[in-house]
Amino acid sequence: MEKRIVVVASGRGSNFQAVINALKRGTIPAICVALITDNSKAYVIERAKSECIPVILVDYATFSSRELYEQALLTALKKTQPDLVVLAGYMRIMGRGVVKEFSGRMMNIHPALLPSFAGLHAQRQALLHAVKVTGCTVHFVDDSLDGGPIILQRCVRVMDEDDEDTLAERILIQEHIALPEAIRLFCEDRLTIEGRKVRTR
Ligand code: GRF
């Protein structure tokens with residue numbers, strides 16, 4: 001059975017595009033039922049429009065409190081009846097209510113090999129720490145900051161001459177492979193969460 005995916009994104013949306021491209025290739029048994037964004041200026045909105053994916057704007061700037069925003073986001077998400085919620089460059093910490101509602105059904109892409117370099121500016125953190133290898137992680141979302149069960153990871157070598165931009169660019173190439181792959185595994189019912197461990201059949 002085809003699964004219903006909703007993507008939540010705040011910015012440029014290259015990961016959203018990678019997911020849509022994979023769906024269009026027919027390699028994932030799923031449809032993208034909506035893009036939800038918290039940012040009215042996000043370029044990802046243009047991408048969704050040109051792919052004829054419905055856009056739902058839950059504009060953070062228009063809410064008087066974080067609680068009200070989270071409530072509206074939860075309502076919007078539930079309305080789309082997703083089997084899977086994909087955070088693809090969502091630049092906020094997801095509220096507890098939403099995390100609880102979609103436990104085991106919400107994944108996130110992070111531009112580092114977690115648990116290293118959680119939070120913002122993961123590529124900058126990697127360069128400051130002068131690691132030789134970094135990469136990206138797709139994980140289920142729980143209450144912790146980028147700390148949920150890991151689905152898959154891909155590595156990227158750090159070069160001496162790298163700056164934040166060159167490193168981010170090379171990590172992004174791997175993100176665009178990792179995220180559709182994790183979504184495919186989920187949609188084929190091949191992932192099982194056992195505590196911290198995600199097993200892949
Ligand atoms: C990606 O590096 C993602 O890992 C991080 O934010 C960036 C979003 O890029 N969470 P894009 O909007 O998908 O192009």
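Helix α6 (164–187) is a good place to start, since α6 gives the lining of the largest pocket its largest share, four residues. Keep in mind as you look that this is a predicted model. Besides α6, the elements α1 (14–25), α4 (96–101), β5 (106–110) and α5 (122–129) each supply at least two residues of that lining. The space inside the largest pocket comes to about 940 Å³. There are 40 lining residues, and those closest to the pocket centre are Gly-89, Tyr-90, Met-91, Ile-109 and Pro-111. If you sort the lining by class, you find 16 nonpolar, 15 polar and nine charged residues.

Now turn to the ligand. Its surroundings include a run from Arg-12 through Gly-13 and Ser-14 to Asn-15. Gly-89, Ile-109, His-110 and Pro-111 are also around the ligand, together with Leu-172 and Glu-175. Some of these names will be familiar, as Gly-89, Ile-109 and Pro-111 were among the residues closest to the centre of the largest pocket.

Which atoms of Gly-13 come 2.8 Å from an oxygen atom of the ligand? It is the backbone that does this, through an N or O atom of Gly-13. Asn-15 also uses a polar backbone atom, 2.8 Å from an oxygen atom of the ligand. For Ile-109, the partner is a nitrogen atom of the ligand, 3.4 Å from a polar backbone atom of the residue. How much of the ligand does the protein bury? Taken alone, the ligand exposes 370 Å², and the protein buries 88% of that.

From β5, follow the chain into the loop that leads to α5, where Pro-115 is found. The peptide bond between Leu-114 and Pro-115 is cis, with omega at about 10 degrees. Another backbone detail worth a look is in the loop between α2 (44–50) and β3 (55–57), which holds Cys-52. The phi of Cys-52 is positive, near 60 degrees, although the residue is not a glycine.

Finally, let us visit a hairpin. Strand β8 (residues 191–194) pairs with strand β9 (residues 197–200) in the antiparallel sense, over four bridges. One of the bridge partnerships joins Ile-193 to Val-198 in β9. Two residues lie between β8 and β9, and in this turn Gly-195 has a positive phi of about 65 degrees. When you inspect the two strands, it helps to recall that side chains in a regular strand alternate between the two faces of the sheet.

Notes:
Residues are numbered from 1 along each chain as its sequence is written. This is a predicted model: local features need pLDDT of at least 70, side-chain atom pairs count only at pLDDT 80 or more; totals for chains, interfaces and linings use all residues. Side-chain values use heavy atoms; hydrogens and water are left out. Two strands pair if DSSP finds at least two bridges between them. On a 1 Å grid over the protein atoms alone, a cavity is a set of points where a 1.4 Å probe fits but cannot get out, and a pocket is an open set with protein on both sides within 12 Å along at least five of seven lines; lining residues have an atom within 4 Å of a point. Grid points are joined across faces, edges and corners, and a volume is the space filled by probe spheres set on the points. Ala, Val, Leu, Ile, Met, Phe, Trp, Tyr, Cys and Pro count as nonpolar, Asp, Glu, Lys and Arg as charged, and the others, Gly among them, as polar. A residue is near a molecule or strand if one of its heavy atoms lies within 4 Å of it. A polar contact is a pair of N or O atoms within 3.5 Å; within protein, one must be able to donate a hydrogen and the other to accept it, and residues adjacent in sequence count only if both atoms are side-chain atoms. Accessible areas come from the Shrake-Rupley method with a 1.4 Å probe; for residues, only the protein chains shown count as cover.
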